Structures are given as structure tokens and as C-alpha cells.
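Please open the model in a viewer and keep the sequence panel in view. The tour proceeds by selections, each followed by a description of what is found there.

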Amino acid sequence: MNLSAPSQLIFIISLVIAIIGVLAALGVLAFIPLAAVWIVVIAYIVLAAGCLMRGA
């Protein structure tokens, strides 16, 4: 399995999702119906998928 660096767009998308998760954990974004840990897990999955898929 060959890994490659994620594109800048994928990295920024996962970073934004992770920041939303941290803000949800701090209570700033209380209107999000998902637990903060799951939001951060989604951000990690997006980043991992960007590393596994070449050209993404």
C-alpha cells in the first residue's frame, strides 16, 4: 500500500471538521447533534482517506 500526502484541499477540510469537533466539545457549538468525539473521528477518516487515495 503506497501512502501519499493528502492534497491541500483535503487537509483543510479535515482541519475545519476537527476544529468544529473541538468547538463542540467546548460547548461553543451546542446545536450540533453529534458527540464531539465522533466529529473528530470523521475528520481523521477524511484525512486518512486523503492519504490513501492518490490524487484526491
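Select Ala 36 first: leaving aside residues up to four places away in sequence, Ala 36 touches Gly 21, Ala 24 and Ala 25, where contact means heavy atoms within 4.5 Å. The model is a predicted one, in which local features need pLDDT of at least 70, side-chain atom pairs count only at pLDDT 80 or more, and totals for chains, interfaces and linings use all residues. Residues are numbered from 1 along each chain as its sequence is written, and side-chain values use heavy atoms, with hydrogens and water left out.

Ala 36 belongs to helix α2; helices (H or I, at least four residues) and strands (E, at least two) are DSSP runs numbered from the N terminus. With a relative accessible area of 17%, Ala 36 is buried. Here buried means under 20% relative accessible area, exposed over 50%, and partly exposed in between, with a 1.4 Å probe and protein chains only. Now add Ala 48 to the selection: the C-alpha atoms of Ala 36 and Ala 48 lie 19 Å apart in space, with their positions 12 residues apart in sequence.

Extend the selection to the whole of α2. At 1.5 Å a residue, its 17 residues should span 24 Å, and the end C-alpha atoms are 25 Å apart, which agrees; the expected span is 1.5 Å times one less than the number of residues. Which residues of α2 are buried? They are Ala 36, Ile 39, Ala 43 and Gly 50. These buried residues cover an arc of only 65° around the axis, which puts them on the same side of α2; the arc is that of the directions from the helix axis to the C-beta atoms. The cover over the buried residues of α2 includes α1.

Rotate to the face of α2 turned away from its buried side, where Val 37, Trp 38, Tyr 44 and Ile 45 are exposed. Pick out Tyr 44, which counts as exposed at 60% relative accessibility. A distance from Tyr 44 to Ile 19 may be drawn next: the two C-alpha atoms are separated by 12 Å, and the residues are 25 apart along the chain.

Select α1 next. Its 19 residues should span 27 Å at 1.5 Å a residue, and its end C-alpha atoms are 27 Å apart, which agrees. Ile 10, Ser 14, Gly 21 and Ala 24 are the buried residues of α1. Seen down the axis of α1, they fall within an arc of 80°, so they line one face of the helix. What covers them includes α2. On the other side of α1, the exposed residues are Gln 8, Leu 9 and Leu 26.

Show both helices together. How do the axes of α1 and α2 cross, and within what distance do they come? The axes of α1 (residues 8-26) and α2 (residues 36-52) come within 8 Å and cross at roughly 170°. That crossing makes α1 roughly antiparallel to α2. Axes are lines fitted to C-alpha atoms, for helices over the stretch in contact, and angles run from 0 to 180 degrees between N-to-C directions; angles over 145 degrees count as roughly antiparallel, under 35 as roughly parallel, 65 to 115 as roughly perpendicular and the rest as oblique.

Colour the contact by residue class. Among the residues of α1 that meet α2 are Phe 11, Ile 17 and Val 22, and the α2 side includes Val 40, Val 46 and Leu 47. The contact of α1 with α2 has 16 nonpolar, 3 polar and no charged residues. In this classification Ala, Val, Leu, Ile, Met, Phe, Trp, Tyr, Cys and Pro count as nonpolar, Asp, Glu, Lys and Arg as charged, and the others, Gly among them, as polar.

Move to the end of α1, which is followed by Gly 27, a residue with a positive phi near 90°. Val 28 is in the loop between α1 and α2 and, at 55% relative accessibility, counts as exposed.

Finally, display the entire chain. It contains 2 helices and 0 strands. Buried residues make up 16% of its 56 residues.
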